[in-house]
Amino acid sequence: MKRTILLLTALMCVVGCQSKEPFTIGKGVNISHWLSQSDARGEARRNYFTRDDVKAIAEMGFDHLRIPIDEEQMFDENLNPDAEAFELLHNALGWCREFKLRAVIDLHILRSHHFNAAEKPLFTDPAAQERFCECWRKISAELKKYPRSMVAYELMNEPVADDPEQWNDVVNKCLSAVREKEPRRTIVIGSNRWQSFDMVEKLNVPADDENIILSFHFYNPFMFTHYRASWTDMKDIPCPVHYPGSLISDEDHAAMSDEMKRRYGYGAGESGYNDRKTLEKQIARAANAAAAMGRRLYLGEFGTMDTTAEADRIAWFNDVVSLCNERGIAYAAWDYKSHDFGVAPDGKPRRKIVDILTRR
């Protein structure tokens with residue numbers, strides 16, 4: 001059966017790979033913790049994301065997947081491709097074709113770059129930069145058979161360079177490496193500092209390359225979207241947080257200990273006030289920067305944990321999605337089926353949120 005799927009994919013590519021249809025996307029969802037940020041292997045990895053999931057995503061009304069992949073899952077230390085990992089990726093793209101979805105393949109974490117690591121050799125070591133390019137030469141060799149209208153490449157997730165010019169230098173080297181074999185594939189390039197909205201304007205990409213989409217991520221206000229996330233300094237907030245309005249109410253702030261006020265007091269009062277207008281100013285900064293460069297813009301990640309009140313989360317999603325729709329910004333929610341950010345944890349849709357995401 002596995003071989004049959006791969007053969008069918010190859011045969012269909014003979015017909016479709018030369019398509020001149022543009023790569024267009026609108027509303028998508030991230031497939032996290034599958035080929036990225038997961039220790040699962042073998043049957044556990046194979047069973048985590050299946051054809052049934054892709055069918056369900058299409059039936060919900062999404063039009064594309066963003067599929068994060070990690071270097072350490074796709075390649076060994078010598079950059080030999082992992083046959084099983086690439087088989088799973090090819091299976092997913094075959095299912096996308098079957099259900100008429102498009103896909104952004106996102107190289108999420110490199111051995112030389114993790115967005116939360118203190119040391120990032122990618123920006124200082126020429127050998128690490130060449131390895132980054134070689135990763136993409138090999139990914140391109142695997143995926144170039146897919147139609148340009150169906151598959152795009154996101155060169156790296158959430159770069160965190162001390163100077164945005166470091167990222168511009170590295171990503172343009174990698175772009176040139178991909179362009180040697182695929183001059184017209186759509187390439188997604190994210191902004192520096194965790195793909196921040198205010199760093200889009202610092203990107204520097206070739207003016208004569210029409211097949212580039214700029215990308216940012218959006219988790220503002222962070223205290224709300226990552227409320228009590230165990231891996232952040234939000235984990236000890238001693239009271240609820242809210243959206244829209246002041247993140248921390250006056251009453252809850254007054255009841256905090258002095259230590260808690262020092263740590264989280266910025267979420268109270270006027271400084272902690274967030275509403276649609278607040279988000280609009282931030283998203284507009286990214287949109288205006290992309291427009292000034294004549295580029296399409298993609299919100300590749302946004303979402304909230306389920307630790308806040310459902311009504312507040314619905315209000316936040318409604319504001320972000322409506323702002324993107326007004327400006328023609330394509331988006332992909334983070335994420336599909338996890339238990340904290342998932343819009344369909346274990347494949348069961350949070351219907352009110354899914355309806356907002358897919359109403360375009």
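In the predicted model, the lining of the largest pocket comprises nine nonpolar, twelve polar and four charged residues. This lining is made up of 25 residues in total, and those nearest the centre of the pocket are Phe115, Glu158, Tyr219, Phe222 and His226. The space in the largest pocket amounts to about 670 Å³. Among the secondary-structure elements, α8 (192-195) and β6 (212-218) each contribute at least two residues to the lining of the largest pocket. The greatest contribution comes from α8, which supplies three residues.

The second largest pocket holds about 210 Å³ of space. Its lining divides by class into four nonpolar, two polar and five charged residues. The charged members of this lining are Glu21, Asp63, Arg97, Lys100 and Arg102, and the nonpolar members are Cys96, Leu101, Pro147 and Met150. Thr24 and Ser149 complete the lining of the second largest pocket as its polar residues.

Arg102, one of the residues lining the second largest pocket, also belongs to strand β3, which spans residues 102-109. Eight of the eight residues of β3 are buried, and the strand is therefore largely enclosed by the rest of the structure. On one side of the pairing pattern, β3 is joined by seven bridges to strand β2 (residues 64-70), and these two strands run parallel. Within this pairing, arginine 66 has valine 104 of β3 as its bridge partner. Strand β3 is also joined to strand β4 (residues 151-154), through four bridges and again in a parallel arrangement. In β4, valine 151 stands opposite alanine 103. The connection from β3 to β4 passes through helix α6 (residues 126-143), forming a β-α-β crossover that is right-handed.

A further feature concerns arginine 185, which is located in the loop between α7 (164-179) and β5 (187-190). The relative accessibility of arginine 185 is 1%, and this residue therefore counts as buried, given that the cut-off for burial is under 20% relative accessible area. The side chain of arginine 185 reaches the backbone oxygen of lysine 144 at a distance of 3.2 Å.

Taken together, the computed features describe two pockets, of about 670 Å³ and about 210 Å³, and a buried strand, β3, that is paired in parallel with both β2 and β4.

Definitions and conventions
Residues numbered from 1 in each chain as written. Predicted model: local features only at pLDDT ≥ 70, side-chain atom pairs only at ≥ 80, totals over all residues. Heavy atoms only, no water. 1 Å grid on protein atoms, 1.4 Å probe; cavity = no way out; pocket = protein on both sides within 12 Å on 5 of 7 lines; lining within 4 Å. Points joined across faces, edges and corners; volume = space filled by probe spheres on them. Buried < 20%, exposed > 50% of the residue type's maximum accessible area, 1.4 Å probe, protein only. Pairing = 2+ DSSP bridges. Right-handed = clockwise from strand over helix to strand, strands pointing away. Polar contact = N/O pair within 3.5 Å; in protein donor to acceptor, adjacent residues only side chain to side chain.
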